[in-house]
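Grab your viewer and work through a few exercises on the model below. Try each task before you read its solution.

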Amino acid sequence: MAAIRRVITFGTYDVFHFGHVRLLERARTYGDHLIVGVSTDALNFSKKGVYPTFSGAERIAIVSALRCVDEVFFEESLELKRAYVERYRADVLVMGDDWAGRFDFCSDLCDVVYLPRTEGISSTEVKQKIRGS
Ligand code: C2G
């Protein structure tokens, strides 16, 4: 029997939208088991200086409810990518191409794939649209 191919991806998934679900659905097609690292509130604050609109507990609950997602965990540090790939025995790491090249340092551990982002949608744009309505 062929071994299960494990796919890992990372993200904030704040104000969850169509671009997020498309990324996750496409990531899942690279294997049989999709593992998603959802960034913690503290990691977001350290990266962007603001907290996400939805809490880590809410964001991870939304992501884990998706049919294409098999396993979730909190991503606590950007510096732990290699440790997460090893801990979750990932065969493929998938990210949107806004991160193109930035995960290549994991390519000795697993395949690294960047998928085209969905155009015309982002959490920031959704928030602006709602504010303007
Ligand atoms: N994405 C996409 N199309 C969009 C918006 C996002 O394909 N219109 C993808 C991103 O490229 C990423 C995933 O959806 O692969 C999650 O996006 P974000 O929640 O914006 O994640 P980010 O804040 O970039 O966090 O360690 C990496 C970070 O945790 C990634």
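What follows is a set of tasks, each with a stepwise solution.

Some ground rules before you start. This is a predicted model, where local features need pLDDT of at least 70 and side-chain atom pairs count only at pLDDT 80 or more, while totals for chains, interfaces and linings use all residues. Residues are numbered from 1 along each chain as its sequence is written, and side-chain values use heavy atoms, with hydrogens and water left out.

**Exercise 1. Cysteines**

Find out how many disulfides the structure has, and why Cys68 and Cys106 are not in one.

Step 1. Set the criterion: a disulfide is a pair of cysteine sulfur atoms within 2.5 Å. In chemical terms, that's a covalent bond between the two sulfurs.

Step 2. Run the search over the whole structure, and you get 0 disulfides.

Step 3. Check Cys68: its closest cysteine sulfur belongs to Cys110, 19 Å away, which is too far for a bond. For Cys106, the closest cysteine sulfur is again in Cys110, at 5.8 Å, so that pair is too far for a bond as well.

Step 4. Add the accessibility. Buried means under 20% relative accessible area, exposed over 50%, and partly exposed in between, using a 1.4 Å probe and protein chains only. Cys68 has 13%, so it counts as buried, and Cys106, at 0%, is buried too.

**Exercise 2. The ligand and a buried lysine**

Work out which residues come nearest to the ligand, and what Lys81 touches.

Step 1. Call a residue near if one of its heavy atoms lies within 4 Å of the molecule. There are 20 residues around the ligand, and Thr12, Glu75, Lys81, Asp98 and Ile121 come nearest.

Step 2. Look for polar contacts, meaning pairs of N or O atoms within 3.5 Å; within protein, one must be able to donate a hydrogen and the other to accept it, and residues adjacent in sequence count only if both atoms are side-chain atoms. Here are the ligand oxygens' partners:
- a polar backbone atom of Tyr13, at 2.8 Å
- an N or O atom in the side chain of Glu75, at 2.7 Å
- a polar side-chain atom of Trp99, at 2.9 Å

Step 3. Ask how much of the ligand is covered. On its own it has 640 Å² of accessible area (Shrake-Rupley method, 1.4 Å probe), and the protein covers 94% of that.

Step 4. Now turn to Lys81, which sits in helix H4 (residues 81-87). Helices (H or I, at least four residues) and strands (E, at least two) are DSSP runs, numbered from the N terminus. Lys81 has a relative accessibility of 3%, so it is buried. Its side chain makes a polar contact of 2.7 Å with that of Glu75.

Step 5. List the contacts of Lys81 (heavy atoms within 4.5 Å). Not counting residues up to four places away in sequence, they are Phe10, Glu75, Phe103, Phe105 and Cys106.

**Exercise 3. The buried side of a helix**

Say which residues of H3 are buried, and why they end up on the same side.

Step 1. H3 spans residues 56-64, and its buried residues are Gly56, Arg59, Ile60 and Val63.

Step 2. Those residues cover an arc of only 95° around the axis (taken from the directions from the helix axis to the C-beta atoms), which puts them on the same side of H3.

Step 3. The general rule helps here: an α-helix has 3.6 residues a turn, so residues three or four places apart point the same way.

Step 4. As for packing partners, the buried residues of H3 pack against H1 (18-28), S2 (33-39), H2 (41-48) and S3 (71-75).

**Exercise 4. Positive phi**

Decide whether Val15 and Arg89, both with positive phi, are buried or exposed.

Step 1. Val15 has a phi near 45°, and it isn't a glycine. It is in the loop between S1 and H1, and 13% relative accessibility makes Val15 buried.

Step 2. Arg89, also not a glycine, has a phi of about 50°. This residue lies in the loop between H4 and S4. Arg89 counts as exposed, at 57%.

Conventions
Contact = heavy atoms within 4.5 Å.
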